[in-house]
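Colleague: I have a new model open and would like to talk through its helices and rings with you. Could you bring it up?

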Amino acid sequence: MDMAWVDAGAAELAVLGSAIVYGSAGGLNLTPDEFSRPMHARLYSELLRLHRSGVPTTDKAAWTQAFKSAGVDVLYRLDMVEHASSAPCKYAEQVRAASQANRLIDAMRAVAVRLSECPLVDLPEEMERLQHIREALGA
């Protein structure tokens, strides 16, 4: 995806921080591809992997490994914990809504590109042609 038009960075931080502090990664029904920032998507993917394997994401060794696997500096955790929420579902909805908006924007961009590549009708010439047809029909 190109650069997202709808940036849900703060909501993503809240979701990730909540996953670390409260262990909520598995209950949010989000997928990594719904995150607008690739680093957040990679980290969420790792946290989901931990959750699915039965390892609590609140475990320091576990989330430290998740950060390493995702290529994220562990110090970034401080920012996430600061944004952690005891109501992560609200932020998960914001992430999901931003993802949907970004997919719509990407689809609109694709349509705009296709339209820009189409030969455009010469409107004045077309209007003149239609006028000749109208006159020929006596309308």
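Modeller: Here is a walk through the overall make-up, two helix contacts, the aromatic pairs and one loop residue.

Colleague: Before that, what kind of model is this, and how are residues numbered?

Modeller: This is a predicted model, in which local features need pLDDT of at least 70 and side-chain atom pairs count only at pLDDT 80 or more, while totals for chains, interfaces and linings use all residues. Residues are numbered from 1 along each chain as its sequence is written, and side-chain values use heavy atoms, with hydrogens and water left out.

Colleague: How many helices and strands are there?

Modeller: The protein has six helices and zero strands, so the pattern along the sequence reads α-α-α-α-α-α, where helices (H or I, at least four residues) and strands (E, at least two) are DSSP runs numbered from the N terminus.

Colleague: And what share of the residues is buried?

Modeller: Of the 139 residues in the protein, 31% are buried; buried means under 20% relative accessible area, exposed means over 50%, and partly exposed lies in between, using a 1.4 Å probe and protein chains only.

Colleague: Okay, helices. At what angle do helix 1 and helix 4 cross?

Modeller: Helix 1 (residues 9-21) and helix 4 (residues 76-83) cross at roughly 95°, and their axes come within 7 Å. The axes are lines fitted to C-alpha atoms, for helices over the stretch in contact, and angles run from 0 to 180 degrees between N-to-C directions. Helix 1 and helix 4 are therefore roughly perpendicular to each other, given that angles under 35 degrees count as roughly parallel, over 145 as roughly antiparallel, 65 to 115 as roughly perpendicular and the rest as oblique.

Colleague: Which residues make that contact?

Modeller: From helix 1 they are A10, L13, A14, L16, G17, I20 and V21, and from helix 4 they are Y76, R77, D79, M80, V81 and H83, with contact meaning heavy atoms within 4.5 Å.

Colleague: What about helix 1 and helix 2, at what angle do they pack?

Modeller: Helix 1 and helix 2 (residues 38-52) pack at about 25°, with their axes 11 Å apart, and they are therefore roughly parallel to each other. Their contact is made by G9, E12, L13, V15, L16, A19 and I20 of helix 1, together with H40, L43, Y44 and L47 of helix 2.

Colleague: Switching to rings: how many aromatic pairs are there?

Modeller: The structure holds two, where rings of Phe, Tyr and Trp (its six-membered ring) pair if their centres lie within 6.5 Å, and planes under 30 degrees apart count as stacked, over 60 as edge-to-face and the rest as tilted. F35 and Y44 form a tilted pair, at 4.8 Å centre to centre and 35° between the planes, and both F35 and Y44 are buried. W63 and F67 form an edge-to-face pair, at 5.8 Å centre to centre and 65° between the planes.

Colleague: Where do W63 and F67 sit along helix 3?

Modeller: They are four residues apart in helix 3 (residues 60-70), so about one helical turn separates W63 from F67. W63 is buried at 6% relative accessible area, and F67 is buried at 0%.

Colleague: Last one: is G26 buried or exposed?

Modeller: Neither, as G26 is partly exposed, with a relative accessible area of 32%. G26 lies in the loop between helix 1 and helix 2, and, leaving out residues up to four places away in sequence, G26 touches L48 and H51. G26 and L48 are 22 residues apart in sequence, and 6.2 Å apart in space from C-alpha to C-alpha.
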